[in-house]
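Good morning, colleagues. Please look at the model on the screen, and I shall take you through it by way of a few questions.

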Amino acid sequence: MNYFHRLKAILFKDPQILDNIATESGYKHPVKFLLFTLLITAVIQDAASLLLSRKMIPLDLTFLGINFSSSWWSFPITIVTAILILLIFSFIHTTIFYFILMILKGSGTYLDTYKISAYGSAPWILLPIPQILASMTINLRSFSGLAIAFLLSTTLSLIIAIWSLKIIFRLTKRLHYITNIRILLAIVVEFIILGSIVYLLIPLLPGKSPASTTSAAIACAMREENNWCFKDGDNQKCDQAN
């Protein structure tokens, strides 16, 4: 089964795909699937961002302090860096999730848990849609325009996240043979652990977070709607009221 047939089967609940995933051996297929998903997502997203806004958005890695210049020469560097970081993160995520599932009496192996991480990423291939939307509207100067773009982008991202969680539930139930309540508990505990790690690490990393960047864009739009301008620094402002 090639990548796109497997992707379609996972996204649209092919009844045979769970059995195929459960019986496959080794890391070759899940790692290959994850790499293809990350590669396609990164290439579409970054290429579209460069073409539409001349600004690359490298798979939301700004929170890690990673930010390349917005030019075509940095394109392959951004792609490779993003994929390597997310591939490493997939094993960190798997390790934490596996130990939590073991505590909750899951019966699957570490490989089974990695399959959940890899194949649960299938909806990520749709992530360029909200990201491209954000890059297309990045030059909007009205608060209402930015608010609508933010709402649409956030809604689409939420749909993708829920879709991914549904796949993770199906795979975990099939591979670890535990109830939905325990799966939900495992996901919540892992989210708290990973969130705590990120929260502790972000102050140690250079660069601005996406949240601060978004807030700055919205604040700028509000100022422009009210005829405020800021020159060469946050403390040099002038009021150009009509």
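Which residues does Ser 121 touch, once those up to four places away in sequence are not counted? Ser 121 touches Phe 33, Leu 34 and Thr 37. Before I follow that answer further, please keep in mind that this is a predicted model.

Let me give the overall outline. The protein has 242 residues, of which 38% count as buried. It contains 9 helices and 2 strands, and from the N terminus the order of these elements is α-α-α-α-α-α-α-α-α-β-β. If we take the contacts between residues at least 6 apart in sequence, 68% of them join residues at least 24 apart. The exposed area of the protein is about 14100 Å², and 69% of it is supplied by carbon and sulfur atoms.

I return to Ser 121. This residue belongs to the loop between α5 (110–119) and α6 (128–136). Is Ser 121 buried or exposed? Its relative accessible area is 0%, so Ser 121 is buried, the cut-off being under 20%. Its side chain reaches the backbone oxygen of Ala 118 at a distance of 2.5 Å.

Phe 33, one of the residues that Ser 121 touches, leads us to the aromatic groups. How many aromatic pairs does the structure hold? There are 9 aromatic pairs. In one of them, the ring centres of Phe 33 and Tyr 119 are 5.1 Å apart and the planes stand at 55°, so this pair is tilted. Phe 33 is located in helix α3 (residues 28–53) and Tyr 119 in helix α5, so the pair ties together parts that lie 86 residues apart in sequence. Both partners are covered: Phe 33 is buried at 3% relative accessibility, and Tyr 119 is buried with a relative accessible area of 0%. Ring pairs also link Phe 33 and Tyr 119 with Tyr 3, Phe 4 and Phe 36 in a cluster.

Tyr 119 brings us to α5 itself. How many of the residues of α5 are buried? The helix is mostly covered, with 9 of its 10 residues buried. The buried residues include Asp 112, Lys 115 and Ser 117, as well as Leu 111, Ile 116 and Ala 118. At the start of α5, a side-chain oxygen of Thr 109 comes to within 3.4 Å of the backbone nitrogen of Leu 111.

Within this helix I would draw attention to Thr 113, which counts as buried at 0% relative accessibility. With which residues is Thr 113 in contact, leaving aside its neighbours within four places in sequence? They are Thr 94, Phe 97, Tyr 98, Leu 101 and His 176. For Tyr 98, the C-alpha atom lies 6.0 Å from that of Thr 113, the two residues being 15 apart in sequence. For His 176, the side chains of the two residues make a polar contact at 3.0 Å.

Thr 78 offers a further case, this time in helix α4 (residues 75–103). Thr 78 counts as buried, at 1% relative accessibility. Its C-alpha atom is separated by 8.5 Å from that of Asp 46, which is 32 residues away along the chain.

We now turn to the surface. Which residues form a nonpolar patch there? Leu 184, Val 188, Phe 191 and Ile 192 do so, and together they have about 400 Å² of accessible area. Leu 184 lies in helix α8 and is partly exposed, with a relative accessible area of 42%.

Finally, I would mention two residues with a positive phi that are not glycines. Phi of Lys 13 is near 55°. Lys 13 is in the loop between α1 (3–11) and α2 (17–23) and counts as partly exposed at 48% relative accessibility. Tyr 177 likewise has a positive phi, of about 55°. Where is Tyr 177 found? Its place is the loop between α7 (143–176) and α8 (180–201). Why does Tyr 177 count as exposed? The reason is its relative accessibility of 57%, because exposed requires a value over 50%.

With that, I invite your questions.

Methods:
Residues are numbered from 1 along each chain as its sequence is written. This is a predicted model: local features need pLDDT of at least 70, side-chain atom pairs count only at pLDDT 80 or more; totals for chains, interfaces and linings use all residues. Side-chain values use heavy atoms; hydrogens and water are left out. Helices (H or I, at least four residues) and strands (E, at least two) are DSSP runs, numbered from the N terminus. Buried means under 20% relative accessible area, exposed over 50%, partly exposed in between (1.4 Å probe, protein chains only). A polar contact is a pair of N or O atoms within 3.5 Å; within protein, one must be able to donate a hydrogen and the other to accept it, and residues adjacent in sequence count only if both atoms are side-chain atoms. Contact means heavy atoms within 4.5 Å. Accessible areas come from the Shrake-Rupley method with a 1.4 Å probe; for residues, only the protein chains shown count as cover. Rings of Phe, Tyr and Trp (its six-membered ring) pair if their centres lie within 6.5 Å; planes under 30 degrees apart count as stacked, over 60 as edge-to-face and the rest as tilted. Patches are made of residues with over 30% relative accessible area and no salt bridge: like charges are joined within 9 Å, nonpolar side chains (Val, Leu, Ile, Met, Phe, Trp, Tyr) within 5 Å. A salt bridge is a side-chain nitrogen of Lys or Arg within 4 Å of a carboxyl oxygen of Asp or Glu.
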